Amino acid sequence: MASLGQILFWSIISIIIILAGAIALIIGFGISAFSMPEVNVDYNASSETLRCEAPRWFPQPTVVWASQIHQGANFSEVSNTSFELNSENVTMKVVSVLYNATINNTYSCMIENDIAKATGDIKVTESEIKRRSHLQLLNSKASLCVSSFFAISWALLPLSPYLMLK
């Protein structure tokens, strides 16, 4: 049976390991936020307009629109992007509007910063609207840090009862 001193010692060691992992996560990711965009048809507009919104990003990302039919086209002159600071005054809401969209075309709203890239796709036909979103982590240092933290945690967790009994 483990003594009270041994239990306290290994409990403190476990807490230190968890805190070190949390600090490594913060260093790996930095202070950052990212979210999936949602792309919709803006029915309040006078022309075919698409609206891309993502609730939380930090640091400020770039937003680029792309089209399946008009590959390589620059949509910066027919789009408008704004960044609204959220109530916690750290992250921002991203809102981008694409004007003069054509029916039977797939458009992509790509939001990207140093940490992540999120894409929202929308295809509008006369009879339906199809949407798809995906998110990709770009910072390999952060991904490695997260993987290492969980690997260390899972390796040490099963050992803790044995370490306390010695």
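**Salt bridges, a disulfide and a sheet**

K93 is partly exposed, with 27% of relative accessible area. That value, like the others here, was computed from a predicted model. K93 is a convenient place to start, for the side chain of K93 forms a salt bridge with E53, in which the closest N and O atoms are 3.1 Å apart. E53 belongs to strand β2 (residues 50–57) and K93 to strand β5 (residues 92–98), so this pair ties together parts of the chain that are 40 residues apart in sequence. E53 has a relative accessibility of 25%, so E53 also counts as partly exposed, because the range for that label runs between 20% and 50%. The pair does not stand by itself: R51, E53 and K93 are linked in a network of salt bridges.

The structure holds five salt bridges. Another of them starts from strand β2. Here the side chains of R56 and E88 meet, with 3.7 Å from N to O. This pair too links distant parts of the chain, since R56 lies in strand β2 and E88 in the loop between β4 (79–85) and β5, 32 residues apart. R56 is partly exposed at 41% relative accessibility, and E88 is partly exposed at 34%.

A further salt bridge joins E128 and K130, with 3.8 Å between the closest N and O atoms. With a relative accessibility of 39%, E128 counts as partly exposed. K130 is given the label partly exposed as well, at 48%.

Strand β2 also takes part in a link of another kind. A disulfide is a covalent bond between the sulfur atoms of two cysteines. The count for this structure comes to one disulfide, and the cysteines are C52 and C109, with 2.1 Å from S to S. C52 lies in strand β2 and C109 in strand β6 (residues 105–112), so the bond ties together parts that are 57 residues apart in sequence. The torsion about the S-S bond is about -80°, and the disulfide is therefore left-handed. Both C52 and C109 are buried.

Strand β6 leads on to a sheet. Four strands, in the order β3-β6-β7-β8, form an open sheet with antiparallel pairing. The edges are taken by β3 and β8 (129–137), each with a single partner strand, so one side of each has no neighbour in the sheet. From one strand to the next, the twist averages 15°. Within this sheet, β7 (residues 116–124) and β8 pair in the antiparallel sense over nine bridges. One example is G120, whose bridge partner in β8 is S133.

At the other edge of the sheet, strand β3 (residues 62–67) contains S67. The relative accessible area of S67 is 6%, so S67 is buried, as the label applies to values under 20%. The side chain of S67 makes a polar contact of 2.8 Å with the side chain of N105. A polar atom of the S67 side chain also lies 3.3 Å from the backbone nitrogen of I69. Apart from neighbours within four places in sequence, the residues in contact with S67 are F75, N105, T106 and Y107. N105 therefore appears both in this set of contacts and in the polar contact with S67.

Conventions. Residues numbered from 1 in each chain as written. Predicted model: local features only at pLDDT ≥ 70, side-chain atom pairs only at ≥ 80, totals over all residues. Heavy atoms only, no water. Helix = DSSP H or I, 4+ residues; strand = E, 2+ residues; numbered from the N terminus. Buried < 20%, exposed > 50% of the residue type's maximum accessible area, 1.4 Å probe, protein only. Polar contact = N/O pair within 3.5 Å; in protein donor to acceptor, adjacent residues only side chain to side chain. Contact = heavy atoms within 4.5 Å. Salt bridge = Lys/Arg side-chain N within 4 Å of Asp/Glu carboxyl O. Disulfide = S-S within 2.5 Å. Pairing = 2+ DSSP bridges. Axes fitted to C-alpha atoms, helices over the stretch in contact; angles between N-to-C directions.
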